[in-house]
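Please read the following account alongside the sequence and the coordinates. It starts at the ligand and then moves to selected residues and peptide bonds.

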Amino acid sequence: MAVSCNQLIARHATAWEEATRHPFLEGCRTGTIKYGQFATWLAQDYLFVVEFTRLAARVLAAAPIEHFDVLLGGLTALRDELSWFRTHAGERGLRLTIPRQVACVQYCRFMDRIAQAPYPVQATAFWAIEAVYNHAWQNASPMVSPYDEFARRWGSAGFGAYVEHLRRQADEALGAAPGAEQAQAEAEFLEVLKLERVFWQMAFACPGT
Ligand code: HMH
């Protein structure tokens with residue numbers, strides 16, 4: 001039997017928890033997050049999403065036609081998300097032409113590597129990146145204003161439904177994948193969890209940037 005996305009979560013429950021619960025999110029939930037910490041996350045997540053959009057396009061290029069609808073929907077949502085980030089950065093007077101922090105650089109390098117992996121590995125990693133965000137923001141919902149809008153973006157039922165579609169597509173690809181690709185998908189899933197944890201932590205390591 002091939003490995004499935006839900007099995008990956010169950011097998012690595014502790015790492016999953018660490019990637020989806022963090023004092024940063026708790027600070028957004030209660031409103032105690034510092035302005036500089038939130039600003040750091042906001043600008044760096046925009047820079048992340050720029051590269052994530054490139055990954056989405058590269059996953060689409062490797063996908064079977066039956067998977068196009070879901071991935072094209074994702075790309076359209078990313079267009080809106082990039083402009084939404086620019087609006088929020090503008091409101092806060094944040095510059096987005098800033099250097100990436102180490103955590104962001106590492107995550108972007110990972111995505112560039114994933115784009116060159118076999119499709120089942122790409123589909124699993126792509127699902128994982130969206131799934132952790134969905135769960136992380138959901139776990140800390142509802143949030144106080146102005147963070148409630150952020151919680152709704154990734155914690156909403158609509159985003160959850162998109163993640164479910166991605167999960168089904170990844171499971172389908174994994175189901176037909178050779179054992180070595182399944183093993184690689186599991187290793188990259190764990191890498192996503194680690195990169196997420198470090199990304200949350202970044203906001204605390206570099207406040208005010
Ligand atoms: C760090 N992981 C990170 N940022 C995001 N915006 C997502 C996942 C979901 O797109």
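The paragraphs below treat the ligand site, two buried residues and two cis peptide bonds in turn.

The model is predicted, and the ligand is a convenient place to begin. Taking the surroundings in sequence order, the shell consists of Asp45, Phe48, Val49, Phe52, Ile129, Glu130, Tyr133, Trp154, Glu196 and Phe199. By residue class, 7 of these are nonpolar and 3 are charged, with no polar residues. Three helices each supply at least two residues of this shell: α4, spanning 35-62, α7, spanning 119-139, and α10, spanning 179-205. The most comes from α4, which gives 4 residues.

Within that shell, some side chains place polar atoms at short range from ligand atoms of nitrogen or oxygen. For Glu130, a polar side-chain atom is 2.9 Å from an oxygen atom of the ligand. On the nitrogen side, an N or O atom in the side chain of Glu196 is 2.6 Å from a nitrogen atom of the ligand. The side chain of Tyr133 likewise has an N or O atom 3.3 Å from a ligand nitrogen atom. How much of the ligand does the protein bury? On its own the ligand exposes 290 Å², and 100% of that is buried by the protein. As for location, the ligand sits in the largest cavity.

Two of the helices that supply the shell also carry buried residues worth a look. In α10 there is Met202. Met202 counts as buried because its relative accessibility is 4%, and the cut-off for that class is under 20%. Between Met202 and Leu60, which are 142 residues apart along the chain, the C-alpha separation is 30 Å.

In α4 the example is Thr40. Its relative accessibility is 2%, so Thr40 is also classed as buried. A polar atom of the Thr40 side chain lies 2.9 Å from the backbone oxygen of Gly36. The side chain of this buried threonine therefore has a backbone oxygen as its neighbour at that distance.

The last stop is the loop between α7 and α8, the latter helix covering 148-155. Most peptide bonds are trans, which is the background for what follows. Where do the cis bonds of this loop's prolines occur? One joins Ser141 and Pro142, with omega at about -5°. Another runs from Ser145 to Pro146, with omega near 5°. Pro142 has its place in the loop between α7 and α8, and Pro146 is placed in that loop as well.

Note on methods
Residues are numbered from 1 along each chain as its sequence is written. This is a predicted model: local features need pLDDT of at least 70, side-chain atom pairs count only at pLDDT 80 or more; totals for chains, interfaces and linings use all residues. Side-chain values use heavy atoms; hydrogens and water are left out. A residue is near a molecule or strand if one of its heavy atoms lies within 4 Å of it. A polar contact is a pair of N or O atoms within 3.5 Å; within protein, one must be able to donate a hydrogen and the other to accept it, and residues adjacent in sequence count only if both atoms are side-chain atoms. Accessible areas come from the Shrake-Rupley method with a 1.4 Å probe; for residues, only the protein chains shown count as cover. On a 1 Å grid over the protein atoms alone, a cavity is a set of points where a 1.4 Å probe fits but cannot get out, and a pocket is an open set with protein on both sides within 12 Å along at least five of seven lines; lining residues have an atom within 4 Å of a point. A molecule sits in a cavity or pocket if more than half of its atoms lie within 2 Å of its grid points. Ala, Val, Leu, Ile, Met, Phe, Trp, Tyr, Cys and Pro count as nonpolar, Asp, Glu, Lys and Arg as charged, and the others, Gly among them, as polar. Buried means under 20% relative accessible area, exposed over 50%, partly exposed in between (1.4 Å probe, protein chains only).
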